[in-house]
Each structure stands twice: as structure tokens, then as C-alpha cells.
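Q: Please show me how a structure like this one is read, starting with its strands.

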Amino acid sequence: MSNTKYILGHFEDPDDLMHGIDKLHENNVSIYDVFTPMPIHGIEDKLGIKRSRLPKVAFLFGITGTITAFSMLYFMLVIDWPMNIGGKPAFAFPDFIPVMFELTVLFCAFGMVGTFFYATHLFPGRAPRVMDLRATNDRFVIAIDAKENPYPTKIDDILKDAGAVEIKHNERKYVSYE
Amino acid sequence: MGTNNHSHNFNEQFEFTGKAKTWSLIAILIGILAIAYGFFTDHAERTFANLLLMSYYFTCVCAAGLFFLAVQYVAQAGWPTGFLRVPQAFSRVLPIASLILLVVCASGLLTHNLYHHWNGEGLSDPASENYDPIIAGKSGYLNVPFFLIRLVLFLGAYSFFAYLFNKFSKREDLYGGLVNYDKSIKWSAIFLIIFGFTTPIWAFDTIMSLEAHWFSTMFGWYNFAAMWLCGLCTIALTIIFLKKAGYMSWINENHFHDLGKFIFGFSIFWTYVWFSQFILIYYANMPEETVYFYKRWEPEYLPWFWVNIVINFVAPVLMLMSRNSKRKMNSLMVVCIMLLLGHWLDYYMMIMPGTVAEHRGFGIIEIGTAIGFAGLFIFLMLNQLSKRSLVPVNHPFLEESLHHQI
């Protein structure tokens, strides 16, 4: 039993990478993750990645903003300090709408940025951790969990056959930019 | 995925025969009968209001097709290439639509059935008992010759650009290369500037001047939003029906998804401008401005005022929110039909209170005229569509459109 935690197959061409994914699937090798320097069409379906839950988060942040704005305005303009503005009733709903709209957008935007940082571990000032340094540069990388998949030499052969230019056996999951 | 190999028949041409032809001709006949009925039963003013509504709607949809072409050229967009023939067919109908709108406006002016608020005896003559100082102040702009000159100029310019884009596209089909595509981009940019500045004025003239005392600078954008949305819905519907008839195998759910996003986004944009116009008037509360909504708040129109917002904003937002409803043909079709009906109501709410006011109606004249113009549009548009192959084969972004995926 080696200490290899992850096997990384480097590809130079996205088509080779897609081919490699097919080959690994054919041989029942489970793929931990794939890193590409650019989006590749159809790769989510191929890897069976579920739809992002980000839209739901966006909706929840948005509706929080709407409710916040409405309750704030209602408290200020109707309960706490009703004023006569142009002879209109204190609860003049059309006047509320622009503020409600703006706070919906604001909450949604800030909330999404926060969620994105949270989900990707990208807090400002934090050194990003990646599985391979070249994955964000010019290489298309398939990561395979070596503990889940036996026969590492067989996996190497599959990757090589599919056109991998480099294969790494990493004993640590992440390399850091630090 | 198999995106790199495709087996589509690019010589495919739409055949305009059978049911589509019969029914559109029957619809035109219904329209003619309804209009004749309107005139013979002494409903001339109401019929003219309906004619204006539908011919404006008709011209707007065709102009939106032209606008779609120009926007896609300028953005150098790839995804709509597969169905670019549909908005192109719209744009080729534009000259006929413009002519009909011109005839309706001119005869309405001549017979004093339309625009009589600013076009009447002695309105700008201080000695006359009909003297109206507000109209007199506007008479330098709102007078019959200048009104018609503007309309001819604008619609003529749009039709000219429609002719240009189709000429470039035809040459592209014949000779290939990028020359015609580059020319299209250049002329589209020019067109968009002209269109952007003239459509508000077009809307001010044809619709807003029905109530010439009232004015709103938002009105132009409000009409533009309605026009663009109706155009998108009609484009989507045309593609859906073509697909259902077995054409356009290369259009898939990804294209519908993008069209759906457009429709979703612009139905919100329509509400945004509608509400911007409303809240400014509501907030300022100045009598010369509130008169517009005052009329639409009378019991005669109030229910439809609310229906208008529900059908054009609440319903599409809820129905098109999810990803699947944009990608599925049938759900998109339902929303498109609903929005087209909704925007008929929107135009109805713009035009009727200023023309027939409390004598408004909803009956043979309204339904018949709408069916007639829909039939006319379908007939002319499908006729134009059938003249050329359904794919611009030499368009530089054709492959991108075939592989479009989101």
C-alpha cells in the first residue's frame, strides 16, 4: 500500500480530457474532480454534476431583502413617524416599491458574493489551495481518489492511453500557492 | 454528446401550403368582415381605434424582428444563427406593415376618427370657440403634414434597413465570405442609433398623441419594451410551430432557453418602465399628468388595469422562473401566447381610453380585427419565410449556433 492519496492525470487538450473521462468511466474508475482552465461544454453532464443550488440561495437572499425593506419602511413611515407627503396615506405602497426593489438586488448581490466565497474557500487574504498548480494555467487535470480506486498502475495506463502527458501520484491533497 | 457531428438538412425550405395557408386566409377574411361590420354598424371610431391598435401591433412585431437582427449582428452573437431566417422574414414584412399603419393613420386623420384631440377645426385659433391653448402650443409639432412626414420618414428608414440586411444576407448565401457579415455589423450599428432615437417619437406620435394634453417621457421606452417583448414572443412562437411541423431539427432546448431568458427578462423590463412611468406620476400628483391614470382608474377600465399587470408581469415571472419551463417547448409556447394576448390588452389600455373612452367595447370588432391582423401577419410572414432556405448556410457563426449549449 503506497501513500498515494490522489492520482492526477494531466492533459494538454480538452478533447483528450473528455476521451479520458469516458475511458475511466468504462473501466469503473470513479473520478474525484476535474480541473480545467476554461469551461468545457457538456462536461457537467459527463461527470454527473448536479445543478448548482446557487439560484435558490439567490432567491432566499433576494426575498430577505424584500422583506427587510418592507418592514423597515412600514415601521418608519406607518408606525413610528407617519408623515403627510403630498396628501397621500401613510401606507402608500407604490412609494415602497423602489426601495424594496433596490434592497432585493443589494441583498441578493452581496449574499451571492458571500456564498461564492464560502463555497469556494476564497476569502480575501486567504491563500488558495489547489490540487495542482498547472490546473489553473494550461493543463486539463483529472483527479482520482487513490484510496477508493485500487490498481494505480492500471489507472496510469488508462490515462496514458487516453493521451495524458503527465501523471502525478500525490501524497497530499492540496498544494498551496504559499 | 455528439456535438461535433450533425446531420441536418440545410437545404430545407419551408413549404407554405395546407392548413397554415387556409387558416391564415380565413383569419384575414374574418378580419375584413369584422372591420366592414364595424363601419356598417356606425362604429367608425371604435373600428378605427382597433385598426390603429392592430396595425401598430403588427408593425411593432415586424420592427422588433428587424431590431433583433441588428442587435445580434452588432453583438456578433452566434446562438440565434440557426433561426435568423425567422426575424429576417419579419423584417421583410415590415414595408407592408408600415404601409398599412400609414394608411390607417392617414385615413383616421382625414376622417377625424383618430387624433381628433389635436386635429380639429380652430383648435389653435384664438378667435374660435374650440380654441385650446395647450394644443395651440403644441401645434408646431402636432400638425397633420409634419405628423405624416415623420411617420413616413421613420417607417421608410426602418424598411430601408430591412431591405439592406436582407440584401447582405442574400449575398452571403450566394458568395460566402465575411464581407457581407461585416457590412451587416456596420449598418446594424447605424440602424440601432436611428431606431433608438426614433422609436420613442414614433410611439409619442401614433399612440401618445391620442391624448394630446398628456405627456410622459417614459412613454417611448414603455412602448419600446412592449414592442421588443412582442417581437421575441412571436419569434419564439414561430420557431415552436415550425419545429412542431417538423422543420428546424437543429434548434434545441438551448436556443429556447436563451429566448425564454430574453422573454423573462424583458417582461420584467416592461414592468420596470411601466412602473417608472406610473410612480413618477403618482408621486408628483400633478393634474395634467395624473389625467392619464385617472381615466384608466374609472370603473370602466379598472379591472383591466390590474389584469394588464398580472398577465404581463406576475404570470410570466412565475411561469418562466424555472430553468425547465424555459427549455420545454410547450411551457414556453403557453407563456408566449399569454404575453401576446397580454400585450394586446396593454395596447388596448393605451389606446381606448383616449379614443372611445367610456364607449369602449369588446366584441366582434375587437376580436375580428385582432384575428384578421394575426392572419395577415402569419400569411405574409410565412410566405416570406418560404422563399429562402431555413438556414443562413454561409453565416460565420452557424457552427456555433448548432453547438449552442447552456
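A: Strands β2-β4-β1-β5 of chain A, in that order, make an open sheet of four with antiparallel pairing. Strands (E, at least two residues) and helices (H or I, at least four residues) are DSSP runs numbered from the N terminus, and two strands pair if DSSP finds at least two bridges between them. This is a predicted model, in which local features need pLDDT of at least 70, side-chain atom pairs count only at pLDDT 80 or more, and totals for chains, interfaces and linings use all residues. Residues are numbered from 1 along each chain as its sequence is written, with chains lettered from A and ligands numbered from 1 in the order in which they are written.

Q: Why does one side of β2 and of β5 of chain A lack a neighbour in the sheet?

A: β2 (33-35) and β5 (166-170) of chain A are at the edges and have a single partner strand each, so one side of each stays without a neighbour.

Q: How many bridges join β1 of chain A to β5(A)?

A: Five bridges link β1 (residues 6-11) to β5(A), and the two run antiparallel. In β5(A), Lys168(A) is opposite Leu8(A).

Q: Which strands does helix α5 of chain A touch?

A: Contact means C-beta atoms, placed from the backbone, within 7 Å. Helix α5 (residues 152-162) packs on the sheet and touches β1, β4 and β5 of chain A.

Q: How many residues does each chain give to the contact between chains A and B?

A: Chain B gives eight residues and chain A seven residues.

Key. Contact = placed C-beta atoms within 7 Å. Axes fitted to C-alpha atoms, helices over the stretch in contact; angles between N-to-C directions.
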